Amino acid sequence: MAPKVMLLGDSGVGKTCILMRFREGRFLAGNFISTVGVDFRTKVVSIDETKVKLQIWDTAGQERFRSVTHAYYRDAHALLLLYDVTNKTSFDNIRAWLGEIKEYAQDDVVIMLLGNKADCGSERAVRREEGERLAREYNVAFMETSAKSGQNVELAFMAVARELKYRQSGQRDTNKFSVQDYVREKQNGKSSQPFTQQQQCPQCNTN
Amino acid sequence: MVTKTDIGLKNFFIFNSTITAKEGEELKKILYYYPITDHADVQIRNVGLVEGIINFTETFKPSSPVNSLHTSNSRQLYFQPEKDFWIVMTLHLTNQSKSKDGLNNIEQTLEDDIQDNVYEALLKQSYYVFRLFWNTFKSYKDIDALKVKLEKFFNPYLKCLNLAHADILDIFNGIQYLPLDKNTFLKVQCFVNHLESSYPEISHTAFLYNDHLIWSGIEPEDMQTIYQYLIGTLLPANVETELQGGSMPRNASSPFMALRHGRFITGPTNLKLAKTMGELPKLYLFGGAKSVEYYFVVYRALSATVCFFIKADTVLTLDFFKQLDELVSPKLISLVTEIAEYCSKQIVSPSVLPDAAPKFIYFNKLNLAYKSTVHLDNKHTGNLACSKESMRIMADIQEKTGLLGKSNETILKTMNDYWIVGKCSNSRQFYIALQQKNASLIEISDEIKKLCDSELKGIFFHPV
Amino acid sequence: MSDNIEIDPGAARESGLVTTDSFDNLERMSSSLDEIKSTNAISQSEESNDNANIEQLDESTNYVKDSTEENEIEVSREWTSKSKHIFVLSQAGKPIYSRYGNEDKLAWLFGVMQTLVSFVQSSDDTIKSIHAGDTHFVFLIKKPLILVAVHKTQESEQQIVTQLNYVFNQITSILTLTRLKKIYEQRQNYDLRRLLTGVERLIDHLLDFSEKDPSFFLGAVQCLPLTSSVRDSISSAIIAACNKIKNLVFAILLANNKLITLVRMKKYCLHPADLHLIFNLVQASESLKNSESWTPLCLPKFDASGFLYGHVSYLAEDCQACLLLLTVDRDVFFTLSEAKQRIVERLRRGNSLEAINEALVSSDANWNGAGFPELRHYIYKSKSTAQFYQPPIGPPYSLRPRRLIDVYKRSHQRLHSSTRPLKLAFERSASEAVLAWDTRGFELYATFEPLTSTAAIIASVGKLLDWVKKREDKLFCLNAPTF
């Protein structure tokens with residue numbers, strides 16, 4: 001089993017960094033590495049003792065690469081759609097991205113919305129609630145992540161992998177929103193860990 | 001492939017943007033504009049573009065103000081001789097004809113024939129000649145008076161501008177000296193000293209034999225301009241009248257009889273008939289701290305020309321000229337005969353040299369001396385002993401020589417298998433054209449060595 | 001030494017590279033893509049996708065772009081003292097690229113440049129350059145863009161125009177010329193920067209690269225020295241793995257800015273200028289390392305109207321040579337990915353990876369032992385193959401290699417002046433003696449100790465040419481293999 005996962009979102013939101021954190025457990029500090037076209041990488045994960053080889057396609061966010069990324073949308077089983085919580089524009093563009101996904105991707109593709117750079121502190125420009133609202137509107141899973149701290153990165157990929165595995169084994173219909181459920185479950189279960197939103201971003205409470 | 005073309009003067013103007021900043025008064029900034037057939041709007045537009053270019057280039061803090069603008073059809077050259085005053089000359093290429101390879105190719109080819117360093121030199125010369133006779137622009141308190149003078153000077157000057165035959169010599173703007181033996185040179189010096197002590201009115205003197213300078217008592221930078229004026233304008237015009245005056249009859253028994261006496265060619269030109277002194281030209285010398293105005297008196301006998309610089313506040317009478325003539329004429333004639341004799345022994349005229357012999361141009365920046373066996377005369381009519389192409393390659397070398405340090409050597413082989421050489425050392429520059437088709441680099445460098453030994457005796461060139 | 005093309009070292013009858021005149025200003029563009037597509041049918045849907053891509057322009061305005069309206073007129077001393085500024089703007093004067101400083105803050109300057117261009121244009125003329133002492137301003141009008149260089153270097157106008165053309169081609173390579181033109185036909189005031197996010201770094205890199213590498217002014221490519229048997233077996237490995245793949249146009253293997261081999265579809269050649277853009281892309285893109293990438297790429301000299309699609313990857317963890325497989329098919333990533341695996345297996349089996357690694361470290365440092373005591377450095381360009389060879393730059397230029405490049409640039413410019421080209425240029429200054437020689441088959445640029453006699457120089461050059469001849473099949477790719 002080799003499901004295909006695609007990372008999407010504006011240029012500079014941290015797609016490559018999320019991937020590096022997930023694959024190699026490190027953060028690319030400082031230098032901005034711009035992806036050319038689509039990068040293809042793989043990572044094997046274990047879900048319930050089954051090996052799942054994730055093929056992960058990291059895409060360049062720039063508009064000019066859309067033509068080549070569109071060609072691979074339809075082969076993707078899951079999409080991780082990222083925005084940068086410190087960049088309002090990247091969040092505003094999410095609706096346009098979802099429009100494209102609707103046009104080019106398979107109807108049953110798994111979509112997860114990720115608000116990255118959640119470690120930002122006071123530079124935050126998009127509140128967590130705004131992300132949640134948008135995710136609800138489009139009926140997709142949502143979480144905030146940080147490639148820098150590692151917060152929720154593993155969780156995001158694992159949730160997707162699990163969902164894909166379930167679908168593969170025919171449990172599809174009963175799990176329409178299993179990603180969301182799974183995420184909620186996991187996050188609640190781990191609420192004692194240091195990466196809670198409340199601690200990360202005080203202004204979310206005050207607002 | 002390439003049709004023959006001429007470089008033409010498209011326009012020539014002088015302006016000062018500080019005269020007015022008001023909109024609608026742009027025309028006031030323009031002090032001189034050629035051709036007057038250009039509509040006022042066109043004039044304002046052209047000046048506006050130059051102002052734009054000056055401001056744009058200043059943004060990048062260049063080492064000097066803007067020199068030139070290259071476009072497909074024209075070349076514009078700039079010179080800021082005095083603060084805020086700009087002289088602009090635009091050249092265009094005439095006779096553009098379409099060819100199979102399209103117009104663009106040809107334009108490109110022609111464009112590179114206009115060498116900035118050569119034409120920038122022409123532009124600067126025009127200012128220095130103006131300043132010689134009319135003083136600096138800023139010495140005029142009254143703008144309208146300046147406009148009148150500019151009109152009076154540049155209208156005829158531009159008509160005589162020799163664009164087609166400008167070359168590397170214009171860059172040097174040098175002076176040809178006549179090397180004399182010690183004895184003859186001393187005699188010239190004594191002659192000058194005697195005159196200057198007899199007539200304290202005479203501040204400075206310059207002495208020429210044919211086109212060659214022997215003695216000058218004024219600063220080289222001033223002499224440079226005066227020399228160009230004498231050789232380029234005043235003397236040729238005078239020789240012409242001498243010839244037309246019938247002094248060269250068919251019976252050659254006494255071709256010099258009419259000239260056995262010297263005469264003034266500025267001032268009272270015919271002392272026997274003169275009732276008044278005539279109009280005496282004045283000029284400005286800038287060698288000192290500030291400009292000084294002099295009368296410019298030129299006296300000529302046989303092949304010698306003597307220039308007297310007399311303070312402009314001196315009162316001059318006809319009598320003064322008569323006395324001076326009596327003193328100068330006999331002494332000068334005997335001196336000239338002696339010089340002529342010396343020269344006939346020494347000088348090999350370039351035209352006598354065999355065709356294949358190397359042709360060279362030499363220039364010494366320290367005393368502004370130049371020598372050329374490439375130019376067959378001083379008339380700037382393109383009478384050359386090597387191709388125009390070779391001349392341009394020399395100017396190309398000259399342009400780059402600054403990048404190569406104080407002492408350098410460049411040897412180039414053209415597509416026609418000619419060799420062009422440039423050598424620089426101790427502020428001296430030496431350019432050679434060799435038409436030896438089958439020579440090798442080794443043979444050429446031997447040839448250059450020989451030439452340096454024979455032609456530039458005593459001038460030391462660093463090995464590098 | 002003769003003009004005979006078969007005797008000149010490095011000469012070959014056929015070349016995978018288009019041979020160029022120097023100062024080929026990249027005007028000619030071919031339309032090879034249509035040819036290939038019409039001979040090898042490509043599904044219609046992808047063609048229409050291309051169009052969709054262009055029409056998408058208006059739709060894409062949905063994407064919001066942040067804009068900061070700051071008008072700052074100040075330029076610093078540090079900024080003005082840069083040795084070469086490059087600006088790119090639209091015909092309407094919109095800033096697209098500035099090598100130094102923020103384009104938005106320099107908007108006024110872009111406005112001035114646009115005004116100068118259109119002012120001169122209004123009298124049916126074209127502005128080319130302005131010169132002010134040590135500072136030169138070169139304009140290149142390539143519809144729909146205007147490119148301007150402001151430089152204090154000693155390069156000639158021709159050389160600067162070549163660089164500006166490279167910048168233009170870099171932009172074209174990202175968007176295709178067809179799309180670039182369409183964009184401005186649809187909207188004159190378009191802000192191209194939104195389509196070029198991230199390309200600034202490619203242009204920055206291209207400029208640095210073209211200033212320090214002789215390939216650009218020579219219009220040629222340097223090869224990694226390899227014995228011909230090794231090079232041939234590498235080429236064969238590529239051919240064997242790829243010859244069944246339809247629509248594969250070029251396979252390029254390169255390392256350290258040197259070409260290892262180029263395999264091509266019959267009838268098609270690669271222009272050195274296109275290859276330089278590829279070198280630049282590989283060198284400037286950190287992200288290509290440790291992954292397989294799939295990217296559209298327009299090669300302007302090959303076909304400026306459309307994209308090729310490139311599978312880009314480094315051969316292996318233990319061999320840092322980069323392989324590019326360029327095709328006209330948009331979605332054959334997996335086919336090419338498999339082909340790449342086959343290539344690497346074959347190369348590994350044939351010990352070619354080690355041979356490449358060896359060549360990368362040895363870098364041929366022993367040339368100096370060949371008996372040229374007064375020869376400091378040289379560049380030999382074989383004209384028929386558009387390739388050149390130069391030994392590593394040693395003393396006294398090791399610390400300032402740019403100075404040597406400047407010397408060569410000046411010599412090159414003397415030989416190839418558009419109006420007064422020369423056969424030979426010899427220049428001696430207190431720092432060095434340089435001989436530049438242009439024959440029908442090759443160009444040679446050689447730097448000597450300043451006081452070397454001309455006789456010694458000529459003798460050295462004769463020996464040097466023999467030496468290059470003896471090693472030509474190692475220094476150059478003399479074959480032009482096809483799939």
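How many Å separate the centres of domain 2 of chain C and domain 3 of chain C, taken over C-alpha atoms? The answer comes in the first point, and the points after it walk through chain C, chain B and the places where chains meet. Please keep in mind that this is a predicted model.

1. **Domains of chain C.** Taken over C-alpha atoms, the centres of domain 2 of chain C and domain 3 of chain C are separated by 31 Å. The domain assignment places domain 1 of chain C at 63-213, domain 2 at 226-362 and domain 3 at 366-472.

2. **Chain C as a whole.** You will find 16 helices and 16 strands in chain C. Of its 483 residues, 49% are buried. Among contacts in chain C with a separation of 6 or more, 70% are between residues 24 or more positions apart.

3. **A helix inside chain C.** Helix 10 of chain C (residues 272-284) is a good one to look up. Eleven of its 13 residues are buried, so helix 10 of chain C is largely enclosed by the rest of the structure. The buried residues include C:Pro272, C:Asp274, C:His276, C:Phe279 and C:Val282. The length of this helix can be checked too: at 1.5 Å a residue, its 13 residues should span 18 Å, and the end C-alpha atoms are 18 Å apart, which agrees.

4. **Domains of chain B.** Chain B is assigned domain 1 (7-166), domain 2 (182-346) and domain 3 (350-455). Where domain 1 of chain B meets domain 2 of chain B, eight residues come from domain 1 and seven residues from domain 2. On the domain 1 side of this contact, four residues are nonpolar, three are polar and one is charged.

5. **Two hairpins in chain B.** Follow strands 3, 4 and 5 of chain B in order. Strand 3 (residues 68-71) and strand 4 (residues 74-82) of chain B are antiparallel partners over three bridges, with B:His70 opposite B:Arg75. Two residues make the hairpin connection from strand 3 of chain B to strand 4 of chain B. Strand 4 of chain B then pairs with strand 5 of chain B (residues 85-93), again antiparallel, through seven bridges. In that pairing, B:Ser74 has B:His92 as its bridge partner. The hairpin between strand 4 and strand 5 of chain B also has two residues between the strands, and B:Asp84 in the turn has a positive phi of about 70°.

6. **A two-faced helix in chain B.** What is buried in helix 10 of chain B? The buried residues are B:Ile444, B:Ser445 and B:Ile448. Viewed down the axis of helix 10 of chain B, they fall within an arc of 95°, so they line one face of the helix. An α-helix has 3.6 residues a turn, so residues three or four places apart point the same way. The face turned away from the buried side carries the exposed residues B:Lys449, B:Lys450, B:Asp453 and B:Ser454. The cover over the buried residues includes strands 14, 15 and 16 of chain B, together with helix 15 (454-470) of chain C. As for length, the 15 residues of helix 10 of chain B (residues 441-455) should span 21 Å at 1.5 Å a residue, and its end C-alpha atoms are 21 Å apart, which agrees.

7. **Where chain B meets chain C.** Here 48 residues of chain B are in contact with 43 residues of chain C. Elements of chain B that give two or more residues to this contact include helix 1 (40-58), helix 9 (388-400) and helix 10. Strand 14 of chain B supplies the largest share of the chain B side, seven residues. By type, the chain B side divides into 18 nonpolar, 20 polar and ten charged residues. Strand 14 of chain B also runs antiparallel to strand 14 of chain C (residues 422-428), joined by six bridges. B:Thr414 stands opposite C:Leu422 in this pairing.

8. **Where chain C meets chain A.** This contact takes 28 residues from chain C and 21 residues from chain A. On the chain C side, helix 2 (44-59), helix 5 (157-175) and strand 9 (292-297) each supply at least two residues, and strand 9 of chain C gives the most, with five residues. That side holds nine nonpolar, eleven polar and eight charged residues. Strand 9 of chain C pairs in the antiparallel sense with strand 2 of chain A (residues 38-47) over three bridges, and A:Phe40 stands opposite C:Glu292.

Terms used: Residues numbered from 1 in each chain as written. Chains lettered and ligands numbered in written order. Predicted model: local features only at pLDDT ≥ 70, side-chain atom pairs only at ≥ 80, totals over all residues. Contact = placed C-beta atoms within 7 Å. Helix = DSSP H or I, 4+ residues; strand = E, 2+ residues; numbered from the N terminus. Nonpolar A, V, L, I, M, F, W, Y, C, P; charged D, E, K, R; others polar. Pairing = 2+ DSSP bridges. Expected span 1.5 Å × (residues − 1). Buried ≥ 20, exposed ≤ 12 C-beta atoms within 10 Å, placed from the backbone. Arc of directions from axis to C-beta. Domains from an automatic or database assignment.
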